[in-house]
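This report describes the fold, the helices, the core and the aromatic pairs of a single chain. The sequence and the structure are shown first.

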Amino acid sequence: MSTATVGTRPGAVLADLLPASRVRDAALVVGGAVLTGLAAQLSVPVPHSPVPVTGQTFAALLVGTTLGARRGFLSLALYALAGVAGVPWFAGGASGAGMVSFGYVLGMLLASAVVGALAHRGADRSPLRMAGTMILGEAIIYAVGVPYLAVAAGMSASAAIAAGLSPYLIGDALKAALAMGALPTAWKLVSKR
């Protein structure tokens with residue numbers, strides 16, 4: 001069976017284009033965690049917010065869609081557990097579970113599984129469906145991260161929304177636009193092989 005046939009079958013994600021093995025799966029899980037950790041270092045402070053703009057959420061959602069639900073979840077679980085254990089790869093080189101922004105990391109864990117499950121159903125193969133998948137993933141991250149921020153920082157709900165959601169919406173729209181172009185294009189290239 002050719003790589004293109006394997007990759008284009010229903011239920012496949014981009015990672016399934018590689019020859020199947022446990023070594024492949026382990027390498028993909030570790031690679032996804034490392035990618036997320038590296039992307040978190042692209043960090044820009046936001047005035048009046050303890051949460052910086054990072055490449056972390058974009059990487060986490062790409063990991064979920066390219067690796068699928070199980071490997072994406074395991075990858076983000078490894079990322080979270082290693083960060084809690086002291087690996088300095090959360091936003092800006094932070095580590096530990098005591099950060100007020102740790103809820104976003106937990107949200108990324110859940111979001112990676114959800115977007116991965118949607119990718120198994122072909123959501124990564126068309127621009128419109130990919131945009132919807134990314135928006136849903138971002139919404140899940142905020143649904144966990146913003147309440148966590150409110151509790152951890154002692155903020156009201158409106159203050160947490162102002163500090164942990166509103167400043168990021170334009171960037172999230174750009175991330176969705178990037179993904180809606182990149183992943184469907186990758187599938188088109190694969191199907192031409």
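## Helix α4

A residue is called buried if its relative accessible area is under 20%. In this predicted model, the buried residues of α4 are Ala69, Arg71, Gly72, Ser75, Leu76, Ala77, Tyr79, Ala80, Ala82 and Gly83. The cover over these residues includes α2 (22–40), α3 (56–67) and α5 (102–120). An α-helix has 3.6 residues a turn, so residues three or four places apart point the same way.

Helix α4 consists of 17 residues, 69–85, and its end C-alpha atoms lie 24 Å apart. This agrees with the 24 Å that the helix should span, because each residue is taken to contribute 1.5 Å. Gly86 follows α4 and has a positive phi, near 125°.

## Overall fold

The chain contains eight helices and two strands. Read from the N terminus, the order of its elements is α-α-β-β-α-α-α-α-α-α. The radius of gyration is 17 Å, close to the 16 Å given by the globule rule for 193 residues, so the chain is as compact as a globular protein of that length.

The C-alpha trace spans about 55 × 35 × 20 Å along its principal axes. Of the 193 residues, 48% are buried. The accessible surface amounts to about 9000 Å², and carbon and sulfur atoms account for 74% of this area. Where contacts join residues at least 6 apart in sequence, 69% of them link residues at least 24 apart.

## Helix α3 and the loop before α2

Helix α3 is mostly covered, with 10 of its 12 residues buried. These are Gln56, Thr57, Phe58, Ala59, Ala60, Leu61, Val63, Gly64, Thr65 and Leu67. Their cover includes α2, β2 (53–54), α4, α5, α6 and α8. From first to last C-alpha, α3 reaches 16 Å, close to the 16 Å expected at 1.5 Å a residue. Gly68, just after α3, adopts a positive phi of about 95°.

Ala15 is placed in the loop between α1 (3–8) and α2. Its relative accessibility is 6%, so Ala15 counts as buried. Leaving out residues up to four places away in sequence, Ala15 touches Arg24, Leu28, Thr66, Leu67 and Arg71. The C-alpha atoms of Ala15 and Asp25 are separated by 8.8 Å, although these residues are 10 apart along the chain.

## Nonpolar core

The largest nonpolar core comprises 46 residues, and those with the most contacts inside it are Leu76, Tyr79, Phe90, Tyr104, Val105, Met108 and Met134. At least two residues of this core come from each of α2, α3, α4, α5, α6 (127–153) and α8 (169–192).

Beyond its neighbours within four places in sequence, Met134 is in contact with Phe58, Leu61, Lys175, Ala176 and Ala179. Among these partners, Phe58 and Leu61 are buried residues of α3.

## Aromatic pairs

The chain has five aromatic pairs, counted by ring centres within 6.5 Å. The ring centres of Tyr104 and Tyr142 are 6.3 Å apart and the ring planes meet at 90°, so this pair is edge-to-face. Tyr104 belongs to helix α5 and Tyr142 to helix α6, so the pair ties together parts that are 38 residues apart in sequence. Both Tyr104 and Tyr142 are buried.

A cluster is formed by Tyr79, Trp89, Phe90, Phe102 and Tyr148, which are linked through ring pairs. Of this cluster, Tyr79 and Phe90 are also among the residues with the most contacts inside the largest nonpolar core.

Definitions and conventions
Residues are numbered from 1 along each chain as its sequence is written. This is a predicted model: local features need pLDDT of at least 70, side-chain atom pairs count only at pLDDT 80 or more; totals for chains, interfaces and linings use all residues. Side-chain values use heavy atoms; hydrogens and water are left out. Helices (H or I, at least four residues) and strands (E, at least two) are DSSP runs, numbered from the N terminus. The expected span of a helix is 1.5 Å times one less than its number of residues. Buried means under 20% relative accessible area, exposed over 50%, partly exposed in between (1.4 Å probe, protein chains only). Contact means heavy atoms within 4.5 Å. A nonpolar core is a set of buried Ala, Val, Leu, Ile, Met, Phe, Trp, Tyr and Cys residues joined through side-chain atoms within 4.5 Å. The radius of gyration is taken over C-alpha atoms; the globule rule is 2.2 Å times the number of residues to the power 0.38. Accessible areas come from the Shrake-Rupley method with a 1.4 Å probe; for residues, only the protein chains shown count as cover. Rings of Phe, Tyr and Trp (its six-membered ring) pair if their centres lie within 6.5 Å; planes under 30 degrees apart count as stacked, over 60 as edge-to-face and the rest as tilted.
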